[in-house]
Amino acid sequence: MRRVAVAAAFVAVWAAAPLAIAADPGLKQVMGENFAGLQKILVALIDSRYAEIPAEVKLIHDHAAQLVQMVPESARGDRDQFLTYAYNLRGHADDLGTIAQVLAARDAGQDLQVRDELREPAAAHYGGMVTMCVACHNRFRPQPPK
Ligand code: HEC
């Protein structure tokens with residue numbers, strides 16, 4: 001059951017991702033790594049392995065920072081919107097990383113003040129990241145998927 005749900009989520013992101021024209025190999029590599037990182041984070045969230053999240057989230061943070069330096073041709077006309085999506089992706093990644101750190105400490109018995117309810121905002125920030133992937137692709141991919 002859990003496997004099915006996780007697989008369905010992968011498919012949902014993948015369906016939003018394919019882009020017909022590859023303009024910039026650097027951008028392509030960053031995106032591929034984002035996609036792989038997102039999958040690892042989802043599995044860690046589902047399994048409550050919060051300690052594994054910050055490193056993966058940092059990768060997406062760094063890539064979002066790189067993205068703002070790589071505005072593609074398709075986004076030249078609306079650079080601000082492209083940057084907004086990239087910065088929002090980075091913000092969600094940062095917030096998820098912070099929450100994951102405190103939850104990892106809680107689960108290790110180090111900080112029992114941390115509230116269990118934080119698990120849901122962590123998931124919401126994951127959703128926020130996925131929303132930014134889809135929003136930016138929807139607006140700026142060079143060609144709609146076939
Ligand atoms: C700020 C805009 C923006 C955001 C945010 C964004 N992407 Fe992209 N992504 C692009 C653009 C533009 C391309 C097209 C690159 C090309 O083909 O030239 C792309 C391409 C891709 C590709 C296809 C790479 C390939 O093989 O051609 C994948 C996979 C991908 N993105 C995954 C993601 C994931 C996962 C996220 C969220 C964590 C994400 N992207 C967030 C703009 C964005």
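Helices (H or I, at least four residues) and strands (E, at least two) are taken here as DSSP runs, numbered from the N terminus. On that basis the protein chain has 5 helices and 0 strands, in the order α-α-α-α-α along the sequence. This is a predicted model, so local features need pLDDT of at least 70 and side-chain atom pairs count only at pLDDT 80 or more, while totals for chains, interfaces and linings use all residues. Residues are numbered from 1 along each chain as its sequence is written.

Let's start with the inside. Of the 146 residues of the protein chain, 25% count as buried, meaning that 20 or more other C-beta atoms, placed from the backbone, lie within 10 Å of a residue's own (12 or fewer is exposed, in between is partly exposed). The largest nonpolar core has 26 residues; such a core is a set of buried Ala, Val, Leu, Ile, Met, Phe, Trp, Tyr and Cys residues joined through C-beta atoms within 7 Å. H2 (25-46), H3 (53-67), H4 (79-107) and H5 (119-140) each give two or more residues to this core, and H4 brings the largest share, 10 residues. Leu89, Leu96 and Ala100 have the most contacts inside the core.

Now for H5. Its buried residues are Ala122, His125, Tyr126, Met129, Met132 and Cys136. Because they cover an arc of only 110° around the axis, they sit on the same side of H5 (the arc is that of the directions from the helix axis to the C-beta atoms). They pack against H2, H3 and H4, with contact meaning C-beta atoms, placed from the backbone, within 7 Å. On the other side of H5, Glu120, Gly127 and Asn138 are exposed.

Methods:
Contact = placed C-beta atoms within 7 Å.
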